Amino acid sequence: MSLGGYIKWRIFDPESPPPRSHSKFPVRDHEALGRILALLGISRIANNLNQLAKAANSGSFVADDRTKAMIEEAVGYLRTIRNLLMRALGIRDPS
């Protein structure tokens, strides 16, 4: 909240809740954020990565062709999510 906005609020309407301040990085594309959430829901990335981390920590991690394909799929989802987030937030893609 700007100083002027704060002063006006305190002088003219001190009983009401303070005005909401605007985010420094407003959402520019709500549709892209919806697609990100959908991808996170269907991809099971968190579950798959957790299973891979447990296997790696226990020493039983075997990187066969199926495992490599699953990792590549997760990386693809993560790239898509990163790009959608950056676009939705109005940030240029560094790559």
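The secondary structure of the chain amounts to 4 helices and 0 strands, in a model that is predicted. Read from the N terminus, the elements follow the order α-α-α-α. Of the 95 residues in the chain, 14% count as buried. Where contacts link residues at least 6 apart in sequence, 56% of them join residues at least 24 apart.

The packing of helix H2 on helix H4 may be considered first. Helix H2, which spans residues 30-43, packs with H4 at an angle of about 160°, the two axes being 9 Å apart. Because an angle over 145 degrees counts as roughly antiparallel, H2 is described as roughly antiparallel to H4, and the crossing of these two helices is left-handed. On the side of H2, the contact is made by Ala 32, Leu 33, Arg 35, Ile 36, Leu 39, Leu 40 and Ser 43, while H4 contributes Tyr 77, Thr 80, Ile 81, Leu 84, Leu 85, Arg 87 and Ala 88. Sorted by class, the contact of H2 with H4 comprises 10 nonpolar, 2 polar and 2 charged residues.

Among the residues of H4 that take part in the contact with H2 is Arg 87. Arg 87, located in helix H4, has a relative accessible area of 49% and is therefore partly exposed, given that the partly exposed class lies between 20% and 50%. Although Arg 87 and Asp 29 are 58 residues apart in sequence, their C-alpha atoms are 7.3 Å apart in space.

Helix H3 also packs against H4. Helix H3 covers residues 45-58 and helix H4 residues 65-88, and the two pack at an angle of about 135° with their axes 11 Å apart. H3 and H4 are therefore oblique to each other, since this angle does not exceed the 145 degrees above which a pair counts as roughly antiparallel. H3 passes H4 in a left-handed crossing. The residues of H3 that meet H4 are Ile 45, Asn 48 and Leu 52, and their counterparts in H4 are Thr 67, Met 70, Ile 71, Ala 74, Tyr 77, Leu 78 and Ile 81. By class, this contact of H3 with H4 holds 8 nonpolar and 2 polar residues, with no charged residues. Tyr 77 and Ile 81 of H4 are listed in the contact with H3 and also in the contact with H2.

Within the contact of H3 with H4, Thr 67 belongs to helix H4. The relative accessibility of Thr 67 is 14%, so this residue counts as buried, the cut-off for that class being under 20%. When neighbours within four places in sequence are left aside, Thr 67 is in contact with Leu 52, Phe 61 and Val 62, and of these Leu 52 is one of the H3 residues that meet H4.

As regards the geometry of H3 itself, the helix has 14 residues and reaches 20 Å from its first C-alpha to its last, which is close to the 20 Å expected at 1.5 Å a residue. Following H3 is Gly 59, whose phi is positive, near 85°. Gln 51 is placed in helix H3 and, with a relative accessible area of 45%, is partly exposed. Gln 51 and Phe 61 are 10 residues apart along the chain, and a distance of 9.7 Å separates their C-alpha atoms. Phe 61 is also among the residues in contact with Thr 67.

Terms used:
Residues are numbered from 1 along each chain as its sequence is written. This is a predicted model: local features need pLDDT of at least 70, side-chain atom pairs count only at pLDDT 80 or more; totals for chains, interfaces and linings use all residues. Side-chain values use heavy atoms; hydrogens and water are left out. Axes are lines fitted to C-alpha atoms, for helices over the stretch in contact, and angles run from 0 to 180 degrees between N-to-C directions. Angles under 35 degrees count as roughly parallel, over 145 as roughly antiparallel, 65 to 115 as roughly perpendicular and the rest as oblique. A crossing is left-handed if the near helix is turned anticlockwise from the far one by less than a right angle, and right-handed if clockwise. Contact means heavy atoms within 4.5 Å. Ala, Val, Leu, Ile, Met, Phe, Trp, Tyr, Cys and Pro count as nonpolar, Asp, Glu, Lys and Arg as charged, and the others, Gly among them, as polar. The expected span of a helix is 1.5 Å times one less than its number of residues. Buried means under 20% relative accessible area, exposed over 50%, partly exposed in between (1.4 Å probe, protein chains only).
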